[in-house]
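Me: Could you take a close look at one part for me, the second largest pocket? I'd like to know which residues line the second largest pocket and what surrounds it.

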Amino acid sequence: MRIGIFGTGGMADALGTQWARAGHELRVSGRSDPAALAARLGASHGSWRSTAEFADVLLLAVPSSAIAEVVAAAGPLAGKVLVDCTNDPALTGAPVASRIATDAHVVKAFNLAHVDVWRLRPPVFGGRPLSVPLCGDDPAALAAVSTLVRDIGAKPVLAGGLDRAALLEATAAFVIGLWFAGEDAQAILTPAG
């Protein structure tokens, strides 16, 4: 799969590294120089627009405040799968990416775990693979992102349409707050049985 990565920070690096190991072809663009990350990933780099044109799937890994600028610079995203791993601190309803990139097939994913979790090979805890909730409205986009989740050794979980993505962002805000307070957030969601 051809994956475009919008961003050069931790999430872009962690997920890009996993996907490069899985054999995907990558291109990186960023607000800072993407050359160093591209070299680490064995990827090409270019402008927002060239990355969008190259990719079957785009990872949006920039601060939520930069989404409008990045999407505008990327040009038309009609029919593109746009994976939104951001968390909007304002929790304003539908994901920011879906309100701005209205012609893309947005899938909310990879926003519930700390960046270091995405560096694990594979992300397994107590013998159980990490589950990654996906929210999106397009079945083909969900299938593509499910493949990318499996490629890092995790389990995709279809969690509903984009109308439920705000719940993922609220969950992230709640759980990450508990983690930073030193609490075992995983113990809150105990397994059944």
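Here is the pocket, followed by the elements around it.

Reply: Happy to help! This is a predicted model, where local features need pLDDT of at least 70, side-chain atom pairs count only at pLDDT 80 or more, and totals for chains, interfaces and linings use all residues. Residues are numbered from 1 along each chain as its sequence is written, and side-chain values use heavy atoms, with hydrogens and water left out.

The second largest pocket holds about 430 Å³ of space. A pocket here is an open set of points on a 1 Å grid over the protein atoms alone, where a 1.4 Å probe fits, with protein on both sides within 12 Å along at least five of seven lines; lining residues have an atom within 4 Å of a point. The volume is the space filled by probe spheres set on the points, which are joined across faces, edges and corners.

Its lining has 22 residues, with M11, C85, T86, N87 and V115 nearest the centre. By class, 12 are nonpolar, 9 polar and 1 charged; Ala, Val, Leu, Ile, Met, Phe, Trp, Tyr, Cys and Pro count as nonpolar, Asp, Glu, Lys and Arg as charged, and the others, Gly among them, as polar.

Helices α1 and α7 (165-180) each supply at least two lining residues; helices are DSSP runs of H or I with at least four residues, strands are E runs of at least two, and both are numbered from the N terminus. In α7 sits A165, which is buried at a relative accessible area of 0% (buried means under 20%, with a 1.4 Å probe and protein chains only).

Definitions and conventions. Buried < 20%, exposed > 50% of the residue type's maximum accessible area, 1.4 Å probe, protein only.
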